[in-house]
Amino acid sequence: MKIWIARIPEEGSHYEGDDPGSIMEMDAEPFIKRVGDVQFKLYAQHISDELVVRGTLAIPLDLKCARCSEFFSTTVTDSGFLRAYPASKETDSVDITSDMREDLLLHMPEFPVCGEECKGLCAQCGADLNKGSCDCEAGERPNPWSALDNLDL
Ligand SMILES: [Zn+2]
Ligand SMILES: [Zn+2]
């Protein structure tokens, strides 16, 4: 997204709308899928030799659950976007796309979970416990020490 400096009046400009999520180039991230439009509500001010941009960004997307590895829909919001760019009289426009991307990535949950009730995967067989219990739970859990019992020391 570009901010055109000549169009900013002295009191600043408000920008509100959305851009295609593809400009955020997040599809390459293994834990992100189905990126929606990035929504922005920004305020830009041209103060002497600086362009100051602040506001809120939000992007709907699917994140990979850290417990069960399934993707779930969520919206990542950054309400504290704030950047200052050098802007002299010769500067036409400032492209803030990469900074928007960086801020949104910083606001991704470190440990995304599809829901508090997510049971995750069985540590032994890897079955998704949200879809039903596996045989490990019903049957006897293999005891890591039982192999030692069979050792003839
Ligand atoms: Zn989950
Ligand atoms: Zn299991």
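Which residue takes a positive phi in the hairpin of strand 5 and strand 6? Select S69: its phi is near 70°, and the hairpin around it has 6 residues between the strands. Keep in mind as you click around that this is a predicted model.

**Get your bearings**

Colour by secondary structure before going further. You should find 3 helices and 7 strands, in the order β-β-β-β-β-β-β-α-α-α along the sequence. Of the 153 residues in the protein, 17% are buried. If you draw the contacts with a separation of 6 or more, 58% of them link residues 24 or more positions apart.

Now switch to colouring by confidence. The mean pLDDT is 90, and 89% of the residues score at least 70. Strand 5 has the highest confidence, at 97, while helix 3 (residues 146–149) has the lowest, at a mean of 61. Where pLDDT is low, don't read the predicted coordinates in detail.

**Strand 5 and its partners**

Next, select strand 5 (50–64) and bring up its neighbours one at a time.

- Strand 6 (71–86): this strand runs antiparallel to strand 5, and 14 bridges join the two. For a pair to look at, pick V52, which stands opposite A84 in strand 6. Another is L57, whose bridge partner in strand 6 is D78.
- Strand 4 (38–47): the pairing with strand 5 is again antiparallel, over 9 bridges. Find L42 here and look across to G55, its bridge partner in strand 5. The hairpin of strand 4 and strand 5 has 2 residues between the strands, and S48 takes a positive phi near 40° there.
- Strand 3 (32–33): 2 bridges join it to strand 5, also in the antiparallel sense. Select I32 and you'll see L63 of strand 5 opposite.

**Into the core**

Show side chains for M24, L57, I59 and L61: these have the most contacts inside the largest nonpolar core, a group of 21 residues. Strand 4, strand 5, strand 6 and helix 1 (97–106) each supply at least two residues of this core. Strand 5 gives the largest share, with 6 residues.

Centre the view on I59. Setting aside residues up to four places away in sequence, I59 touches G21, M24, V35, G36, V38, T75, V76 and L104.

**Over to the loop with G36**

From I59, hop to G36, in the loop between strand 3 and strand 4. Is G36 buried or exposed? Neither, quite: G36 counts as partly exposed because 16 other C-beta atoms lie within 10 Å. Beyond its neighbours within four places in sequence, G36 is in contact with G21, I59, P60 and L61. Try a distance label from G36 to P20 as well: they are 16 residues apart along the chain, yet their C-alpha atoms are separated by 7.0 Å.

**Two more backbone oddities**

Most residues other than glycine have a negative phi, which makes the next two stops worth a click.

Stay in the loop between strand 3 and strand 4 and select R34. Phi of R34 is positive, near 50°, although the residue is not a glycine. R34 is exposed, because its count of other C-beta atoms within 10 Å is 12.

Then go to E25, in the loop between strand 2 (13–19) and strand 3. Here phi is positive too, at about 45°, and E25 is not a glycine either. With 12 other C-beta atoms within 10 Å, E25 is exposed.

Terms used: Residues numbered from 1 in each chain as written. Chains lettered and ligands numbered in written order. Predicted model: local features only at pLDDT ≥ 70, side-chain atom pairs only at ≥ 80, totals over all residues. Core = buried A, V, L, I, M, F, W, Y, C linked by C-beta atoms within 7 Å. Buried ≥ 20, exposed ≤ 12 C-beta atoms within 10 Å, placed from the backbone. Helix = DSSP H or I, 4+ residues; strand = E, 2+ residues; numbered from the N terminus. Contact = placed C-beta atoms within 7 Å. Pairing = 2+ DSSP bridges. pLDDT = per-residue confidence, 0-100.
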